[in-house]
Amino acid sequence: MRRSALTLLLLLCAACARTSSSSVVPRRGPPVTVVPPELALESGYSPWAISMPFGLAQDGSALVLRFLERAEASGARYLSNVQVVFVADDAGTSMECRTNLMPEGAIPPWKPLIRTAMAAGEYAPLKLVSRPVPDVVVSCQETWAVTMVPQAIRVSNAGGAHPGELTVGGNMVRRPEVRCGPVATMRLLTRYAFEDAVSYVPPRIERMGKHRPELKLQETEAECYPRDPASPGVNRIEAMAYGGAGPRAAFLDGPMTPMEAPRSAPQMDL
């Protein structure tokens, strides 16, 4: 009977391990670093293209973190040219809109000015849309906690000739205490029309920093242009990776279809 119970327990543990392994990407080396292209080339590693498609209603913060995990799973040491790419429509014209995630201080000062001017109305997908969206914030409040402070008390006997019995009692004490927890709320989100069309929530840099304190990124203004018919027709995150075992190293979830890449570098679809 005990052997049967032990066998059942081992089977359940193995099933749990298989279930969790499909959603968690193991880190096989040091964390990947996002750097400007010129610094990545100085590393001496051969570059290769890496891409991860995504669907509707995605949280950009979680999406970027997962992309970095997949790059690390392939052994990549550096990433450059990290871009979030969307396929959009502008009055029947297929467009490609993208934002760049770059290290702090790497954006030339003139680029945001041009992209802000484009957002003023050159392309419909670049219009800004504001709407309330669900959010979760951490709220803290001070409360009074009641605790019992234990105290040993010796109770004297009736005759008084012998020491009394030792008992443990206590006093109730009220102390101030700060308690924090998640609270569901709403916030006003302003995003591009091409992001709003697929219910995409742009990445929040401060939230990603809580998971990866070493990650110091900034997101550029978006730009749109007519889509090249040869480019992939899906929303995706893409970048150039340096180091690691190359494209096939991150095929962790079974067979995947490689997406088209520049001729100068191999391509991997995560």
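**Exercise 1. Place Arg70 and decide whether this residue is buried or exposed.**

Solution.
- Start with the area. Arg70 has a relative accessible area of 3%.
- Apply the cut-off. Buried means under 20% relative accessible area. Arg70 therefore counts as buried.
- Find the element. Arg70 lies in helix H3, which covers residues 60–73.
- Take one distance. From the C-alpha of Arg70 to that of Ile50 is 9.5 Å, and the two residues are 20 apart along the chain.

Bear in mind throughout that this model is predicted.

**Exercise 2. Describe helix H3: its length, its ends and its surroundings.**

Solution.
- Count and span. H3 holds 14 residues, and its first and last C-alpha atoms are 20 Å apart. That is close to the 20 Å expected at 1.5 Å a residue.
- Look at the start. There, a side-chain oxygen of Asp59 comes within 3.1 Å of the backbone nitrogen of Ser61.
- Look just past the end. Gly75 has a positive phi of about 90 degrees.
- Check burial. In H3, 11 of the 14 residues are buried, so the helix is largely enclosed by the rest of the structure.
- Name some of them. The buried residues include Leu63, Val64, Phe67, Leu68 and Ala71. Arg70 and Glu72 are also among them.
- Find the cover. Strands E1 (33–34), E2 (47–53) and E3 (78–90) are among the elements that cover the buried residues of H3. E4, helix H6 (205–211) and strand E9 (236–242) also belong to that cover.

**Exercise 3. Find the disulfides and state how the cysteines pair.**

Solution.
- Search the whole structure. Two disulfides turn up.
- Take Cys97 and Cys224. Their sulfur atoms are 2.0 Å apart, and they form a disulfide.
- Trace the link. Cys97 sits in strand E4 (residues 93–103) and Cys224 in strand E8 (residues 223–226). The two are 127 residues apart, and the pair links distant parts of the chain.
- Take Cys140 and Cys180. They form a disulfide with 1.8 Å between the sulfur atoms.
- Trace this link too. It runs from Cys140 in strand E5 (residues 128–155) to Cys180 in strand E6 (residues 165–192). These cysteines are 40 residues apart, and this pair also links distant parts of the chain.
- Number the bonded cysteines in sequence order. The pairing reads 1-4, 2-3.

**Exercise 4. Work out the handedness of each disulfide and the burial of Cys97, Cys224 and Cys140.**

Solution.
- Read the torsion for Cys97 and Cys224. About the S-S bond it is about 110 degrees, so this disulfide is right-handed.
- Read the torsion for Cys140 and Cys180. Here the value is about 110 degrees, so this disulfide is right-handed.
- Turn to accessibility. Cys97 has 0% relative accessibility, so it counts as buried.
- Cys224 has 3%, so Cys224 counts as buried.
- Cys140 has 44%, so Cys140 counts as partly exposed.

**Exercise 5. Summarise the chain: its elements, its burial, its contacts and its surface.**

Solution.
- Count the elements. The chain has six helices and 10 strands.
- Give the buried share. Of its 270 residues, 35% count as buried.
- Sort the contacts. Consider those between residues at least 6 apart in sequence: 79% of them join residues at least 24 apart.
- Add the surface. The accessible surface of the chain is about 16,300 Å². Carbon and sulfur atoms account for 58% of this surface.

Conventions:
Residues numbered from 1 in each chain as written. Predicted model: local features only at pLDDT ≥ 70, side-chain atom pairs only at ≥ 80, totals over all residues. Heavy atoms only, no water. Disulfide = S-S within 2.5 Å. Helix = DSSP H or I, 4+ residues; strand = E, 2+ residues; numbered from the N terminus. Buried < 20%, exposed > 50% of the residue type's maximum accessible area, 1.4 Å probe, protein only. Expected span 1.5 Å × (residues − 1). Contact = heavy atoms within 4.5 Å. Polar contact = N/O pair within 3.5 Å; in protein donor to acceptor, adjacent residues only side chain to side chain. Areas by Shrake-Rupley, 256 points an atom, 1.4 Å probe, with all protein chains shown as cover.
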